[in-house]
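User: Please take a close look at one part of this model, the small open sheet and the elements around it. I would like a connected account that then places this part in the rest of the chain.

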Amino acid sequence: MGQIFSICLGRDDARPNSSNIEEDYDMGEELGKGAYGTVVRGTLKATGDEYAIKMVQREGMSQEDEDDLQLEVNILRKLDHEYIMNLQDYYQTPQCHYIVTELLVGGELFTRIEHKKQYNEKEAKDVMFIFFKAMAYVHENGIVHRDLKPENLLLGSKDDDEHFKVADFGLAGEIKNGQPLTQFAGTPLYICPEMLQEKPYSFPADVWSMGVICFILLGGYPPFFANNINALYLKIINGEYTFDRKYWKHISPEAKELIQRMLEVDPDKRITIADALQHPWIMTSDEALLQRDLSLNHKEFKKFQAKRRLKAAVGGVMALNRMQHMAHFEEFKKEQSRK
């Protein structure tokens, strides 16, 4: 199998380890498969505890890919929070990378919301409160996630509807010495305007993505949609969205005002997460928001989920890998230059 390297989580550097992952873990069922690898269930032999093991084959990986994966591991090592998926261990062989994380068995948060019998504004606020707490911690540690989307909000338990964790830091970037990021990254529906305009960006990029997610949680549909990706990008750049009265007339004004501040095109004017945690909507009493029923919007939410699954199944916009994202973005830039 080749020499194994395993991270010692109390240190800042990776060190050689004479054991290999198959000596430490029993590999179980496949849990998922994506553009960047396969995830299986793993059982730590010493304790019987179960984890998720992400396996990334090194064949065909560029040096940039290798660097990005090492950055993901280093970022996960820095983070230790109740609402962030935690890293347990990391192994490396000449053939494969193995990233061992806690096992989140509850599935996607959006799937759980989809199957709710009743849904109200308090539940949406509770989600955003946890989301803000998690991302406040991430930003305090100098990390920009860069790919916040429903697929990366996972529940730890099949029984707990409320407590979820932010996962997948595979596209995350680190702010060092106050220097902004420049690399294009993310998922089209949730990407921020400044990235599409090839401007340097920082923590507000995540706030924009969270604003899109908040809009979907409340309205049941995304703020930006179009028949093709170029038209979608233009709407995002121009901040072209509306609160359809049919779905938003019963939603509190404070919620809409928060979304407007999160979906501010100018990142310098966009609300910070610290301010969002103190926003009047977040501070609104549970009793008041329990009365704001979202049954109609929940039906739209179910339609959004069905479309999302279909697009992912056929390799649509939401299931693109990074190279495909870049190709679409280059096409978008060429089209804009011809105008």
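The account below starts with the sheet and moves outward.

Analyst: The model is predicted, and what follows should be read as a description of that prediction. The part in question is an open sheet of three strands, in the order β8-β10-β11, with antiparallel pairing. Its edge strands are β8 (107–108) and β11 (164–166), each of which pairs on one side only. Strands of a sheet pair through backbone hydrogen bonds, in either a parallel or an antiparallel sense.

Between β8 and strand β10 (residues 153–155) there are two bridges, and the two strands pair in the antiparallel sense. In this pairing E108 stands opposite L154 of β10.

Helix α4 (residues 121–140) lies across β10 and β11, and runs at about 40° to β11. One residue of α4 to look at is K122. K122 has a relative accessible area of 16%, so it counts as buried, the cut-off being under 20%. Leaving out residues up to four places away in sequence, K122 touches D286, L289 and L290.

The loops that adjoin the sheet strands come next. R146 lies in the loop between β9 (143–144) and β10. Its backbone is worth a check: R146 is not a glycine, yet its phi is positive, about 75°. Most residues other than glycine have a negative phi. R146 is at 10% relative accessibility and therefore counts as buried.

On the other side of the sequence order, the loop between β11 and β12 holds D168. D168 is another non-glycine residue with a positive phi, in this case about 60°. Is D168 buried, exposed or partly exposed? With a relative accessible area of 31%, D168 is partly exposed, because that class covers values between 20% and 50%.

L171 also belongs to the loop between β11 and β12 (173–174). L171 is buried, at a relative accessible area of 13%. The C-alpha atom of L171 is separated by 9.8 Å from that of Q183, a residue 12 places away along the chain.

Beyond the sheet, H298 in helix α13 (residues 295–313) is a further residue to inspect. H298 is buried, with a relative accessible area of 5%. Not counting residues up to four places away in sequence, H298 touches I113, E114, K116 and Y119.

A separate pair of strands can be set beside the sheet. Strand β6 (residues 87–92) has five of its six residues buried, so the rest of the structure largely encloses it. β6 is joined to strand β7 (residues 96–102) by five bridges, and the two run antiparallel. The connection from β6 to β7 is a hairpin through three residues. Within the pairing, Y90 has I99 of β7 as its bridge partner.

Strand β5 (residues 50–57) contains K54. According to the unreviewed UniProt entry, K54 is covered by the annotation "binding site". In the model K54 has a relative accessible area of 19% and is therefore buried, given that the class is defined as under 20%.

Helix α6 (residues 204–219) allows a simple check of geometry. At 1.5 Å a residue, its 16 residues should span 22 Å, and the end C-alpha atoms are 22 Å apart, so the two values agree. The helix is mostly covered, with 15 of its 16 residues buried. After α6 comes G220, which has a positive phi, near 95°.

Finally, some totals give the setting. The secondary structure of the protein chain comes to 14 helices and 12 strands. The chain has 339 residues, of which 50% count as buried. Taking contacts between residues at least 6 apart in sequence, 67% join residues at least 24 apart. The accessible surface of the protein chain is about 16,300 Å², and 48% of this belongs to carbon and sulfur atoms.

Methods. Residues numbered from 1 in each chain as written. Predicted model: local features only at pLDDT ≥ 70, side-chain atom pairs only at ≥ 80, totals over all residues. Heavy atoms only, no water. UniProt positions renumbered as here; feature names shortened; annotations may be inferred. Helix = DSSP H or I, 4+ residues; strand = E, 2+ residues; numbered from the N terminus. Buried < 20%, exposed > 50% of the residue type's maximum accessible area, 1.4 Å probe, protein only. Pairing = 2+ DSSP bridges. Contact = heavy atoms within 4.5 Å. Axes fitted to C-alpha atoms, helices over the stretch in contact; angles between N-to-C directions. Areas by Shrake-Rupley, 256 points an atom, 1.4 Å probe, with all protein chains shown as cover. Expected span 1.5 Å × (residues − 1).
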